[in-house]
Amino acid sequence: FSEDNWWLPSSESEYRKGIELIQRYAAAVREGKAVFNMRSDDLYNLLTFIISSKFLDQALGLLVQATEDVPYTELDDRIYYTQGVVLVLRDFLWAADRLFPAIREKGGNENLQIAFGQMERVCTFDPLVVLRGRHDSIMADHRGKMASYLITIRERLNDVAQSIRR
């Protein structure tokens, strides 16, 4: 359901339907009737979505935009938006890693450890003031620092996806 749909059906009714479906699935899990068979190609598709332009690359694009094109008032928004994306990603991948050991078994162990380490750096990033260092400025470039963490996460998750694909 598109977030920019302002006409019928209403967003609220679609969200209610989604919540009801999740509640029904949770009830089926409790009763032992729910089945979900995650295959390695599903894991591969999941990881390629995560590193795609619809997820991590979207946040990365906000960080690597030319400094002069980003108003000073938006610097912290971009940092904390990225932090929110990575918080969700970290918790989701932690659960997926525990539920589907094939991720590590197929050669993703070291890459996941490094990716989780970089995600922790993003999640705990908390400068007193978000700064915009330019080229050889003495001031920190917080967007650049956050982007470097995100690039490492993306590349490590791509390596994990490729190892699952083999």
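Begin by selecting Gln 83 in this predicted model, and show the residues around it: leaving aside residues up to four places away in sequence, Gln 83 touches Val 122, Cys 123, Thr 124 and Phe 125. Gln 83 itself has its place in helix α4. Is Gln 83 buried or exposed? Its relative accessibility is 10%, and because buried means under 20% relative accessible area, Gln 83 counts as buried.

Keep helix α4, which covers residues 75–99, on the screen, and add helix α3, residues 56–64, as the next selection. If you look along the two helices, you can follow their axes, which come within 9 Å and cross at roughly 160°. That angle makes α3 roughly antiparallel to α4, since angles over 145 degrees are counted in that way. The crossing of α3 and α4 is left-handed.

Now show the side chains where these two helices meet. On the α3 side, select Leu 56, Gln 58, Ala 59, Leu 62 and Leu 63, and on the α4 side select Arg 78, Ile 79, Tyr 81, Thr 82, Val 85 and Leu 89, which are the residues they meet. Colouring this selection by residue character is a useful exercise, as the residues of the contact of α3 with α4 divide into 8 nonpolar, 2 polar and 1 charged.

Then hide α3, leave α4 in place, and bring in helix α2, which covers residues 40–50. Here the axes of α2 and α4 come within 13 Å and cross at roughly 170°, which makes α2 roughly antiparallel to α4. The crossing of α2 and α4 is left-handed. Which residues make this contact? They are Leu 46, Leu 47 and Ile 50 of α2, together with Leu 89, Phe 92 and Leu 93 of α4. The residues of the contact of α2 with α4 divide into 6 nonpolar, no polar and no charged. When you select Leu 89, notice that this residue of α4 takes part in the contact with α3 and also in the contact with α2.

The next stop is a pair of rings, so select Phe 49 and Phe 55 and display their side chains. The structure holds 1 aromatic pair, and a pair of aromatic rings is described by the distance of the centres and the angle of the planes. For Phe 49 and Phe 55, the ring centres are 6.1 Å apart and the planes stand at 50°, so the pair is tilted. If you switch on a surface, you will find that Phe 49 is partly exposed, with a relative accessible area of 39%, while Phe 55, at 23% relative accessibility, also counts as partly exposed.

Move on to helix α1, residues 11–30, and pick out Ala 26 within it. At 28% relative accessibility, Ala 26 counts as partly exposed. To get a sense of distance, draw a line from the C-alpha atom of Ala 26 to that of Ser 53: these residues are 27 residues apart along the chain, and the two atoms are separated by 31 Å.

Finish the tour at Met 139, which you will find in the loop between α5 (102–123) and α6 (142–165). At 39% relative accessibility, Met 139 counts as partly exposed. Not counting residues up to four places away in sequence, Met 139 touches Leu 131, Arg 132 and Gly 133. As a last line to draw, join Met 139 to Gln 65, which is 74 residues apart from it in sequence and 18 Å apart in space, C-alpha to C-alpha.

Terms used. Residues are numbered from 1 along each chain as its sequence is written. This is a predicted model: local features need pLDDT of at least 70, side-chain atom pairs count only at pLDDT 80 or more; totals for chains, interfaces and linings use all residues. Side-chain values use heavy atoms; hydrogens and water are left out. Helices (H or I, at least four residues) and strands (E, at least two) are DSSP runs, numbered from the N terminus. Buried means under 20% relative accessible area, exposed over 50%, partly exposed in between (1.4 Å probe, protein chains only). Contact means heavy atoms within 4.5 Å. Axes are lines fitted to C-alpha atoms, for helices over the stretch in contact, and angles run from 0 to 180 degrees between N-to-C directions. Angles under 35 degrees count as roughly parallel, over 145 as roughly antiparallel, 65 to 115 as roughly perpendicular and the rest as oblique. A crossing is left-handed if the near helix is turned anticlockwise from the far one by less than a right angle, and right-handed if clockwise. Ala, Val, Leu, Ile, Met, Phe, Trp, Tyr, Cys and Pro count as nonpolar, Asp, Glu, Lys and Arg as charged, and the others, Gly among them, as polar. Rings of Phe, Tyr and Trp (its six-membered ring) pair if their centres lie within 6.5 Å; planes under 30 degrees apart count as stacked, over 60 as edge-to-face and the rest as tilted.
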